[in-house]
Amino acid sequence: LTVAQISIVAAYLAIDDRVIAKQRALSKQIPVSTFSSSLLLPWETKTFPLSAAVPPGFGDRPSRSFVFVVVASGFLFESSVDRNLRARSSKRSGALNLDVVRLTCGMAGRQLEAYSMYKRMPSRDHEDMTEVEDNEALLQGNLEVENTNPSWKRSLPYVLVATIPSLLFGYHLGVVNEPLESISLDLGFDGNALAEGLVVSISLAGSLLGSLFSGSIVDSIGRRKAFQLAALPMILGPAVSASTKTLAGMLIGRFLVGIGMGLGPTVASLYVAEISPAFVRGTYGSFIQIATCVGFLTSLFVGLPVKDIKGWWRTCFLVSTIPAGILALAIQLCVESPHWLFKQGRTIEAEAEFEKLLGVAHVQSAMQELYKVDRGDDTDAVKLSELLSGRHFRVVFIGSSLFAFQQLSGINTVFNFSSTVFKSAGVPSELANVFVGIANLLGSLIAMVLMDKQGRRSLLIWSFFGLAVSMGLQGFAANSYLAGTFASYLSVGAMLMCVLTFSLGAGPVPGLLLPEIFPSRIRAKAVAICMSVGWVINFFVGLMFLWLLQRLGRQLLYTCFAAFCLMAVAFVRRNVMETKGKSLQEIEIALLSPEF
């Protein structure tokens, strides 16, 4: 042996227990980036188990005698490795060099191939120094690729499929607006205000039920199967409503639809947040609100012939089964959430899904982000007491408060009673609904553009402030001292302003922000609780609105809504952090820090 070879043998023998302790601290899973790339493709991003790197009989690390035999034998067989070792040692100080294991292959019949499941590069034992430098440059180039944003086009098709439940949600919100009179005549409850109210609102009861159980469902069966489960009542419900000849059948169908309406948007919010790259997650989250607006407008246009064609209301219900069926089939072709797979311990599948979503060059960094917040407790069941009084109470309180303020802003009273306000200004109810839908869609499109530029927190603040101003104008328009025509036009303008400002932030942001601020372990159940709070308050606001309107009057009632909006502004400024451009793991680490 030459002096240089003896020196390298001595260097390997100097491996002390500090290196081994550091390896064990990584839970026996060491990212590939800490190893030499001599056995791995430069763009490989798998996690390399220690046990796979050592042949049987050598334990969880190579012994000192084993290292000596490996190195000495290797130099006797392949003296040219000397140059490769020195080239790599100058560029990878402190890393565990797997060239030792590769030399073992030369003396043990390539045993490593039988004990590792990862791809290998062709042997480079005999390559010259120029080839080594070329490969190092290639590795550096791939590291630079990781520092860039992944392509947004990879995840876009999956996001579009995931917005179908929100499209159906918006459609079923408006599907009974125009046909309600025809439905009541055909089913024999014309003039029964209670029955008409039940047809409209019973879907809210189903939505609450679906939302309450959505967290447990998506955690147990996964996001894709939860989408298919949500599609089932959205197919059965409209089919029952379209074919029924009794009020009871209509109510059953509407209740089934409500279950899908409660489950579907919850799964969509989780799924879109978990599969979207950080730099476009806000934009993709806005697609959910846009889909809701498109669904609402679609229901209005589909319902236009209802007064001219007898029984057309049955067609209005049947039309919605088409996108529900598409959802059930198309989601099977989509990726599963890699966050859910990682939470289930299926890391190999999570890496494969990340590769489809982000590209090969970004898988390693995505997996490293998941490992950063993996505290080993994801497999434990999440108890309700932990969400309501444990360490996660604050983020759950913030999320629930955002949905509460969303409903207490009075936005649903605007949607439900817009026709009356427009009629006072001489505008037909059909045009009133179209104007409201267009304002909602326009605001959602603007929010999509601004979400990843201005940020969620900023949009929330200005949206609630705009709602406060528009509600104040509504109350001012109810002043008895104003002229009738001027008051009607002011009320119409304030109503459209209310819808526009709501769709800029207070509408889309809470559903996007909740999956971002909740840790992976509690994300599904916490989102389900917060959305259920929104459904409950929505129900009581709708139930009490007319009673409060009679007792308080329009001016005082809208002033109360404006006060809630100002309270929301103060709450957001104090409690909500900005999440734009941050990965879900970075947000989780920030929220769990003592400074938050």
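The protein chain in this predicted model is built from 30 helices and just two strands. Of its 596 residues, 54% come out as buried. Contacts tend to reach a long way along the sequence: taking pairs at least 6 residues apart, 82% link residues at least 24 apart. On the outside, the chain exposes about 26,000 Å², with carbon and sulfur atoms supplying 65% of that area.

As for the interior, the largest nonpolar core takes in 101 residues. Phe-227, Tyr-271, Leu-402, Phe-464 and Phe-518 have the most contacts inside that core. Looking at Tyr-271 in particular, and leaving out residues up to four places away in sequence, its neighbours in contact are Tyr-158, Ala-162, Arg-223, Phe-227, Cys-334, Val-335 and Ser-337. Phe-227 thus turns up both as a partner of Tyr-271 and among the residues with the most contacts in the core. Another core, of 18 residues, lies apart from the largest one and includes Val-175, Leu-180, Val-199 and Cys-316.

Then there is the helix packing. Two packed helices are described by the angle between their axes and the distance between the axes. For H9 (residues 164-174) and H13 (residues 247-275), the angle is about 140 degrees and the axes sit 8 Å apart. The crossing of this pair is left-handed. H9 brings Pro-165, Ser-166, Phe-169, His-172 and Leu-173 to the contact, while H13 brings Arg-254, Val-257, Met-261, Gly-264, Pro-265 and Ala-268. Sorted by class, that makes seven nonpolar, three polar and one charged residues. Tyr-271, already met in the largest core, falls within the 247-275 stretch of H13.

Note on methods. Residues are numbered from 1 along each chain as its sequence is written. This is a predicted model: local features need pLDDT of at least 70, side-chain atom pairs count only at pLDDT 80 or more; totals for chains, interfaces and linings use all residues. Side-chain values use heavy atoms; hydrogens and water are left out. Axes are lines fitted to C-alpha atoms, for helices over the stretch in contact, and angles run from 0 to 180 degrees between N-to-C directions. Helices (H or I, at least four residues) and strands (E, at least two) are DSSP runs, numbered from the N terminus. A crossing is left-handed if the near helix is turned anticlockwise from the far one by less than a right angle, and right-handed if clockwise. Contact means heavy atoms within 4.5 Å. Ala, Val, Leu, Ile, Met, Phe, Trp, Tyr, Cys and Pro count as nonpolar, Asp, Glu, Lys and Arg as charged, and the others, Gly among them, as polar. A nonpolar core is a set of buried Ala, Val, Leu, Ile, Met, Phe, Trp, Tyr and Cys residues joined through side-chain atoms within 4.5 Å. Buried means under 20% relative accessible area, exposed over 50%, partly exposed in between (1.4 Å probe, protein chains only). Accessible areas come from the Shrake-Rupley method with a 1.4 Å probe; for residues, only the protein chains shown count as cover.
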